[in-house]
Amino acid sequence: MLLYINWDGFSRHWYEMARLQGQGTPNLDRMIARGAYLANHVCGLPAITNPMQQTLVSGAWPVDTGNCYIRFDRKARRFVPTGRTNRCENLVEAARRQGLRCASVHGWYFENRGCAEGNEDSPYIQNNLPNFETRVALLLSYLKGNPVPSGDRTIVMRRRPDFLAIYADDIDSVCHNAPRLPYTELRRARTLDEWYANLVYTVQRMDRALEPLLALEDTTIALAADHGGMPFATEAFGVPYLAASIPRQGELLHAIQAVGIDPFVLTEKDQLIPEDAPAVLLSMGTQAFFCALKPMPDIIARIQQSVSALPFIRGCLDAVRQRAYGAPPGFCDLYILTKAPFFLSHEWPAEGWVGGSHAAMDPSVLEVFCALCGPGVRSGAKIAHRTDITDFAPTLSKLMGICPPANSTGRILNEILEEEV
Ligand SMILES: [Zn+2]
């Protein structure tokens, strides 16, 4: 069996932090020692859950999956969310097409995309569980042959699946410092130290829940993440609280206006845009989308220059640079991202709390955790060269002895596989 564990928001930086503190991360360390670790593994842009999760399961960037979180529809003059769109075949669809049995525990990207509620042959198993440890208990219960909820009925495993997926967003919730955190022991962070302490606690607690999974017989385990995270609106990295807690959208707008373009600023993403607006600007937390409504090829480059000079900006990416990170053409004309701990606009009332975001391109966002161990995986393989999340699905396919998902563009990482696979 191949067990795909997805820890939403698990930056490699959070692993490096958690393994050195307190009780450490013995199970993750064991996975790495026994198997393979991708030490230079990155996601793409936009570094947002839906696009990056679909990239992981299909081995294809948003340019192919069509999932880029939001895109500007020039005809309708509106920003359109891309939801759970995935135009590409995914791992479960590929595995089932080639005769394998699959199941998914809270792995929503396979819901009605290979797995379905109530389908005993390929179930989507979900019980509104709050965290990884409760979801692991559900998975183990399923493997033991106990009845488990799947939609409005319960199902029982008849034969062990060849491919089993489990998803948990504990780390992502803690990064966002959401009002509801995955463990009752956690309190929302008011300082950067508390924010990091919450992340370390969560990674270590998830590490403990890994133990029974590592003990499963004849099981190859692959643990991956869609993106990492970064703090904002808090004193951090030498930036005092006062400077970090000001929304920077006004300054961004001035930098665009300085070039002679006065974009219409949307306050909500589905707002109607006036007929005479030359361009639009939509800010959401640590990211902003600039779209021209009139041809202005030379001006885009000048806006890019002007915005890039702002001290709180990490990246102002035109279509060519967006494409290099996997984003599709027509996503927006300029994708603008702050550096930690700055932000452009409040996404929700976060006053007094540390903000956490991954709609960014800081190293702690783009550098994600990935490790594999068990049958088929080379023991002790530490991969220092650059790999990315499109390589994940093709590599898992090889481990299952099947062809990769039809549209995958990633590479089979033969360097981490045993030769006989
Ligand atoms: Zn995510």
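These legends introduce a predicted model, one close-up at a time.

**View 1. The whole protein chain, with its 14 helices and 21 strands.**
Let's begin with the overall picture. The radius of gyration of the protein chain is 22 Å, close to the 22 Å that the globule rule gives for 421 residues, so the chain is as compact as a globular protein of that length. Taken along the principal axes, the box filled by its C-alpha atoms is roughly 65 × 45 × 45 Å. Of the 421 residues, 53% count as buried. Contacts often reach far along the sequence: among those between residues at least 6 apart, 70% join residues at least 24 apart.

**View 2. An open sheet of 8 strands with mixed pairing.**
Follow the strands across the sheet and you meet them in the order S7-S6-S10-S1-S11-S19-S2-S20. The edge strands are S7 (124–125) and S20 (381–383), and each of these pairs on one side only. At the S20 end, strand S2 (residues 36–38) pairs with S20 in the parallel sense, over 3 bridges. To find one of the partnerships, look for Leu38, whose bridge partner in S20 is Ile383.

**View 3. Helix H14 (residues 392–400), largely enclosed by the rest of the structure.**
Why is H14 described as largely enclosed? Of its 9 residues, 8 are buried, so the rest of the structure largely encloses this helix. The buried residues are Phe392, Ala393, Pro394, Thr395, Leu396, Ser397, Leu399 and Met400. H14 lies across S1, S10, S11 and S19 of the sheet in View 2, and runs at about 160° to S1. The cover over its buried residues includes strands S1 (2–7), S10 (163–168), S11 (220–224) and S19 (370–373). Helices contribute too, among them H3 (49–58) and H5 (91–97). Just after H14 comes Gly401, which has a positive phi, near 70°.

**View 4. An open sheet of 5 strands, again with mixed pairing.**
Here the strand order is S13-S14-S15-S17-S16. The edges are formed by S13 (264–266) and S16 (313–317), each pairing on one side only. From one strand to the next, the twist averages 15°. S16 and strand S17 (residues 334–338) run antiparallel and are joined by 4 bridges. As a landmark between them, Cys316 has Ile336 in S17 as its bridge partner.

**View 5. Helices H10 and H11 on the sheet of 5 strands.**
Which strands does each helix touch? Helix H10 (residues 249–257) packs on the sheet and touches S13, S14 (279–284), S15 (287–292) and S17. The direction of H10 makes about 155° with that of S14. Helix H11 (residues 297–308) also packs on this sheet, touching S15, S16 and S17. For H11, the direction makes about 175° with that of S16.

**View 6. Helix H6 (residues 132–143) packed with helix H8 (residues 192–214).**
The axes of H6 and H8 are 9 Å apart and meet at an angle of about 10°. That makes H6 roughly parallel to H8, since angles under 35 degrees count as roughly parallel. On the H6 side, the contact is made by Phe132, Glu133, Val136 and Leu140. H8 supplies Arg205, Met206, Ala209, Pro212 and Leu213. Sorted by class, this contact has 7 nonpolar and 2 charged residues, with no polar ones.

**View 7. Arg101, in the loop between H5 and strand S6 (102–105).**
Is Arg101 buried, exposed or in between? Arg101 is partly exposed, with 17 other C-beta atoms within 10 Å. Leaving aside neighbours within four places in sequence, its contacts are Asp121, Ser122, Arg159, Pro161 and Asp162. Take Ser122 as an example: Arg101 and Ser122 are 21 residues apart in sequence, and their C-alpha atoms are 6.5 Å apart in space.

**View 8. Tyr241, in helix H9 (residues 241–244).**
Tyr241 has 14 C-beta neighbours inside 10 Å and counts as partly exposed. Not counting residues up to four places away in sequence, Tyr241 touches Thr234 and Glu235. For a sense of scale, look across to Ala168: this residue and Tyr241 are 73 residues apart along the chain, and 32 Å separates their C-alpha atoms.

Terms used. Residues numbered from 1 in each chain as written. Predicted model: local features only at pLDDT ≥ 70, side-chain atom pairs only at ≥ 80, totals over all residues. Buried ≥ 20, exposed ≤ 12 C-beta atoms within 10 Å, placed from the backbone. Contact = placed C-beta atoms within 7 Å. Rg over C-alpha atoms; globule rule 2.2 N^0.38 Å. Axes fitted to C-alpha atoms, helices over the stretch in contact; angles between N-to-C directions. Parallel < 35°, antiparallel > 145°, perpendicular 65-115°, else oblique. Nonpolar A, V, L, I, M, F, W, Y, C, P; charged D, E, K, R; others polar. Pairing = 2+ DSSP bridges.
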